[in-house]
Amino acid sequence: MVRAIVGANWGDEGKGKITDIMACEADIVIRFQGGANAGHTIINKYGKFALHLLPSGSFNEKVINMIGNGVALNIPSLFGELKSIVDKGVPEPNIMVSERAQVLMPYHILFDQYEEERLSDRKFGSTKSGIAPFYSDKFAKIGFQVWELFAGEEYLKDKIRSVLEVKNLILKYVYNKPELDETELYNTLREYGETVKPYVVNTVEFMHKAIKEGKNILLEGQLGSLKDPDFGIYPFTTSSSTVAGYGAVGACIPPYEIKDIITVVKAYSSAVGAGAFVSEIFDEEADELRRRGGDGGEYGATTGRPRRVGWFDAVATRYGCMVQGTTQIAFTVLDVLGYLDKLKVCVGYEVDGEIITSFPTTDKLNRAKPVYEELDGWKCDIRGIKRYDDLPENCRRYIEFAEEKIGFPIKIISNGPSRDDIIYR
Ligand code: GDP
């Protein structure tokens with residue numbers, strides 16, 4: 001059985017925690033897109049961890065954690081992370097890396113920084129992890145797949161020379177920055193090869209065999225629907241597809257095998273980076289939610305940047321669930337809202353005097369004003385509650401209102417950051 005855990009919003013919905021719980025029953029957890037540019041926070045018996053590239057099954061010795069071919073593989077970052085969790089007492093996780101995954105180069109990170117510098121106040125708010133330059137190169141066919149790290153000297157040197165020819169022209173004439181050295185890059189790639197070699201597998205054969213044997217496979221998504229380059233708030237999106245369907249490509253799973261798509265939806269909104277955010281709130285109202293949000297405040301797991309926050313947006317979430325092909329929703333971080341007297345839910349967008357409930361393309365989105373309905377708060381702490389019926393009535397009303405507006409079933413509720421704070425409905 002193949003199951004995907006993905007986000008409906010802008011990321012940071014709490015996918016890491018849900019994946020960590022589901023990983024208990026999984027044989028294989030796979031990252032199929034993205035890179036080290038976002039973080040999952042996981043709290044378990046070993047402590048609190050922010051994972052960036054390691055799959056969330058890394059705390060379970062029985063799980064195989066796979067870096068699929070769709071991932072932007074930052075080798076120093078992956079192995080730095082591996083070391084950091086082992087140093088904290090976590091048993092050495094079982095890691096595999098697709099031989100077809102592409103390698104994020106040191107210059108991708110530089111180009112990301114230089115481009116944001118060049119754009120200045122028009123910048124995208126990139127995490128500067130090299131993701132956009134990486135995927136640009138992948139699809140421009142000048143990337144390096146893992147197997148190329150082990151290729152013959154002549155092949156690798158020729159390819160480096162040809163790629164750096166154009167990179168150095170851009171560095172010199174567009175960014176006015178130091179040029180890259182072929183020998184240094186060659187040596188770096190050979191070192192990368194040594195590091196990754198013990199983990200490299202043919203994932204196509206491996207996954208097909210695993211499916212045939214009936215293994216439980218978990219696809220772990222990064223970011224959320226609204227950051228997808230096709231369906232999100234383009235161009236303020238990420239550079240790889242964040243939808244469950246991309247698991248078929250990024251992890252080589254036959255599309256008809258992805259049976260369960262758990263879409264993680266956050267009980268309020270948060271976002272990092274630039275781009276439209278219709279139900280965003282500001283000033284003291286925002287500061288309070290940001291301070292109380294998540295586990296220890298709404299600050300980016302990768303960058304530490306304060307996240308933008310807002311009311312729950314049913315328009316964006318319904319759309320986000322549609323593009324994922326949701327079979328069930330995990331509704332998270334609900335406990336945070338217990339301090340509010342009244343909660344607003346964005347149920348429509350007003351665009352040029354008209355009220356719409358379907359999520360528009362970016363030009364209309366930029367002009368959209370939120371249409372709110374207000375619900376009463378429950379004014380208590382709901383952490384520790386284990387049964388749906390034991391939740392306060394106003395809290396259930398909020399969940400059921402959100403569910404009706406989204407149009408997909410909320411079957412899992414997360415009422416606290418730790419593994420035990422979970423209610424199945
Ligand atoms: P991800 O990228 O989707 O995995 O999300 P993050 O881990 O970046 O952000 C979610 C934050 O919310 C983390 O700090 C989690 O520990 C925290 N979190 C997850 N679920 C809950 C929950 O139900 N309640 C609270 N209070 N925090 C949660």
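In this predicted model, the largest cavity is lined by Trp10, Lys227, Ile233, Arg308 and the run of residues Ala271, Val272, Gly273, Ala274, Gly275, Ala276 and Phe277. The volume of this largest cavity is about 30 Å³, and a search of the whole structure returns one cavity of 30 Å³ or more. Seven nonpolar residues contribute to the lining of the largest cavity, together with two polar and two charged residues.

Open pockets were examined next. The largest pocket encloses about 890 Å³ of space. Its lining comprises 42 residues, of which Asp112, Ser126, Ala132, Thr237 and Ser239 are the closest to the pocket centre. Three helices, α3 (106-119), α4 (131-139) and α5 (153-175), each provide at least two lining residues of the largest pocket. Among the contributors, α3 accounts for the largest share, with six residues. In terms of residue class, the lining of the largest pocket consists of 19 nonpolar, 14 polar and nine charged residues.

The second largest pocket holds about 570 Å³ of space. A total of 36 residues line the second largest pocket, and those closest to its centre are Gly14, Thr41, Gly294, Asp295 and Arg307. Two or more lining residues come from each of α1, β3 and β4 (47-51). The lining of the second largest pocket is divided among 12 nonpolar, 13 polar and 11 charged residues.

It is the second largest pocket in which the ligand sits. The ligand is surrounded by 20 residues, with Gly16, His40, Thr41, Asp335 and Ser414 the closest. Thr41 thus appears both among the residues closest to the ligand and among those closest to the centre of the second largest pocket. Both α1 (15-22) and β3 (40-44) supply at least two residues of the shell around the ligand; these two elements also contribute to the lining of the second largest pocket. The greatest contribution to the shell is that of α1, which gives three residues. By class, the shell around the ligand contains three nonpolar, nine polar and eight charged residues.

Contacts with oxygen atoms of the ligand involve both backbone and side-chain atoms of the protein. A backbone N or O atom of Gly16 is placed 2.7 Å from a ligand oxygen atom. For Gly416, a polar backbone atom is found 3.1 Å from an oxygen atom of the ligand. The side chain of Asp12 has an N or O atom at 3.1 Å from a ligand oxygen atom. Of the 590 Å² of accessible area that the ligand has on its own, 98% is covered by the protein.

Backbone geometry was also considered. Asp12, whose side chain contacts the ligand as described above, is a residue other than glycine with a positive phi, near 60°. Asp12 is located in the loop between β1 (2-7) and α1. A positive phi of about 60° is likewise found at Val333, which is not a glycine. Val333 belongs to the loop between β15 (328-332) and β16 (342-351). A cis peptide bond joins Tyr234 to Pro235, with omega near 10°. Pro235 lies in the loop that runs between β10 (217-220) and α8 (247-250).

Key. Residues numbered from 1 in each chain as written. Predicted model: local features only at pLDDT ≥ 70, side-chain atom pairs only at ≥ 80, totals over all residues. Heavy atoms only, no water. Near = heavy atom within 4 Å. Polar contact = N/O pair within 3.5 Å; in protein donor to acceptor, adjacent residues only side chain to side chain. Areas by Shrake-Rupley, 256 points an atom, 1.4 Å probe, with all protein chains shown as cover. 1 Å grid on protein atoms, 1.4 Å probe; cavity = no way out; pocket = protein on both sides within 12 Å on 5 of 7 lines; lining within 4 Å. Sits in = over half its atoms within 2 Å of the grid points. Helix = DSSP H or I, 4+ residues; strand = E, 2+ residues; numbered from the N terminus. Nonpolar A, V, L, I, M, F, W, Y, C, P; charged D, E, K, R; others polar. Points joined across faces, edges and corners; volume = space filled by probe spheres on them.
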